[in-house]
Amino acid sequence: NAAAVVATNVVDRAPTAPPNKMERVYLGLGSNLAEPLQQLRDALVSIERLPGSQLTGVSSFYISDPLGPPDQPRYVNAVAALDTRLTPLELLDALQAIELEQGRVRKDQRWGPRTRDLDILLFGQRRLAEERLTVPHYHMHARAFVLYPLAEIAGELQLPDGRYLRELLADCPFEDLERLPAQQVTP
Ligand code: ROI
């Protein structure tokens, strides 16, 4: 259980330590196996329950052609906004636990199909280059299935490198994307 794992880490901090400040995080969600729509809905319910965190926005869901090997199903993609006091690595641990909740198996094939993929796209205005985590996500700048849903919930966004989301969108055609009607996300 992801929330329990993170809750333990949070409790382990010295009781006198001040809480981390809230930061706005954007998450990319993707799935192309085992009922992708339901995968995303379930992942959002788990994300909503993360300790020290509040889910503040979810984009529409989009159907997208696979980037990578074409012999795989189309994806469902979405972007969520999360306000969190978790550190980047605490959040990464929690997201990886949520990926595994439904039994995700990490496939050998690079860029192969996945049941549930949760990426940290942006973490406040931070730039991180750690072994386990690169932020901003290194492929987000040119992927329609990231940028268009992101624009729905954060149209005015400016990236840590100073570029505006709307500039990236201008160079990124809305091709191969199909926006689905608004989703109901309930536990
Ligand atoms: N392609 C699409 N359309 N959506 C994804 O979320 C996605 N995720 C991936 C790869 C395999 C690169 N391709 C994708 O990890």
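This report walks through the fold, one enclosed helix, a buried threonine, some backbone details and a pocket of a predicted model.

**Overall fold**

Let's start with the whole chain. It holds 5 helices and 8 strands, and these follow one another along the sequence as α-β-α-β-β-β-α-β-β-β-α-α-β. Of its 187 residues, 46% are buried. If you take the contacts with a separation of 6 or more, 71% of them come from residues 24 or more positions apart. The surface that the chain exposes comes to about 9,700 Å², and 51% of that is supplied by carbon and sulfur atoms.

One pair of prolines gives an example of positions that are distant in sequence. Pro70 and Pro113 are 43 residues apart along the chain, and 9.9 Å separates their C-alpha atoms. Pro70 belongs to the loop between β3 and β4, and it counts as exposed because its relative accessibility is 71%, where the cut-off for exposed is over 50%.

**Helix α4**

Next comes helix α4, which spans residues 144-153. Why is helix α4 described as largely enclosed by the rest of the structure? The reason is that 7 of its 10 residues are buried. Those buried residues are Ala144, Phe145, Val146, Leu147, Tyr148, Pro149 and Leu150. They pack against a mixed set of elements: the strands β1 (23-31), β3 (62-64), β4, β5 (117-123) and β8 (177-179), together with helix α5 (165-170).

**Thr84 in strand β4**

Strand β4, one of the elements that the buried residues of α4 pack against, covers residues 75-84 and includes Thr84. Is Thr84 buried or exposed? Its relative accessibility is 0%, so Thr84 counts as buried, the cut-off being under 20%. The side chain of Thr84 has a polar partner, since a polar contact of 2.7 Å joins it to the side chain of Ser53; that reading rests on N or O atoms lying within 3.5 Å. Beyond its neighbours within four places in sequence, Thr84 touches Lys21, Met22, Glu23 and Val25, then Pro51, Gly52 and Ser53, and also Phe123.

**Backbone details**

Three spots in the backbone may be worth a look in your viewer. The table gives their angles.

| Site | Backbone feature | Angle |
|---|---|---|
| Val135 and Pro136 | cis peptide bond | omega about -5 degrees |
| Ala34 | positive phi, not glycine | phi near 55 degrees |
| Asp176 | positive phi, not glycine | phi about 65 degrees |

Where do these residues sit? Pro136 is in the loop that runs between β7 (134-135) and α4. Ala34 is placed in the loop between β1 and α2 (36-48). Asp176 is part of the loop between α5 and β8, and with a relative accessibility of 45% it counts as partly exposed.

**The second largest pocket**

Asp176 appears again here. The second largest pocket has 13 lining residues, and those nearest its centre are Leu67, Ala144, Phe145, Glu175 and Asp176. Two of these names, Ala144 and Phe145, are also among the buried residues of α4. The volume of this pocket is about 210 Å³. What is the make-up of its lining? The residues divide into 8 nonpolar, 4 charged and 1 polar.

Technical notes: Residues numbered from 1 in each chain as written. Predicted model: local features only at pLDDT ≥ 70, side-chain atom pairs only at ≥ 80, totals over all residues. Heavy atoms only, no water. Helix = DSSP H or I, 4+ residues; strand = E, 2+ residues; numbered from the N terminus. Buried < 20%, exposed > 50% of the residue type's maximum accessible area, 1.4 Å probe, protein only. Polar contact = N/O pair within 3.5 Å; in protein donor to acceptor, adjacent residues only side chain to side chain. Contact = heavy atoms within 4.5 Å. Areas by Shrake-Rupley, 256 points an atom, 1.4 Å probe, with all protein chains shown as cover. 1 Å grid on protein atoms, 1.4 Å probe; cavity = no way out; pocket = protein on both sides within 12 Å on 5 of 7 lines; lining within 4 Å. Points joined across faces, edges and corners; volume = space filled by probe spheres on them. Nonpolar A, V, L, I, M, F, W, Y, C, P; charged D, E, K, R; others polar.
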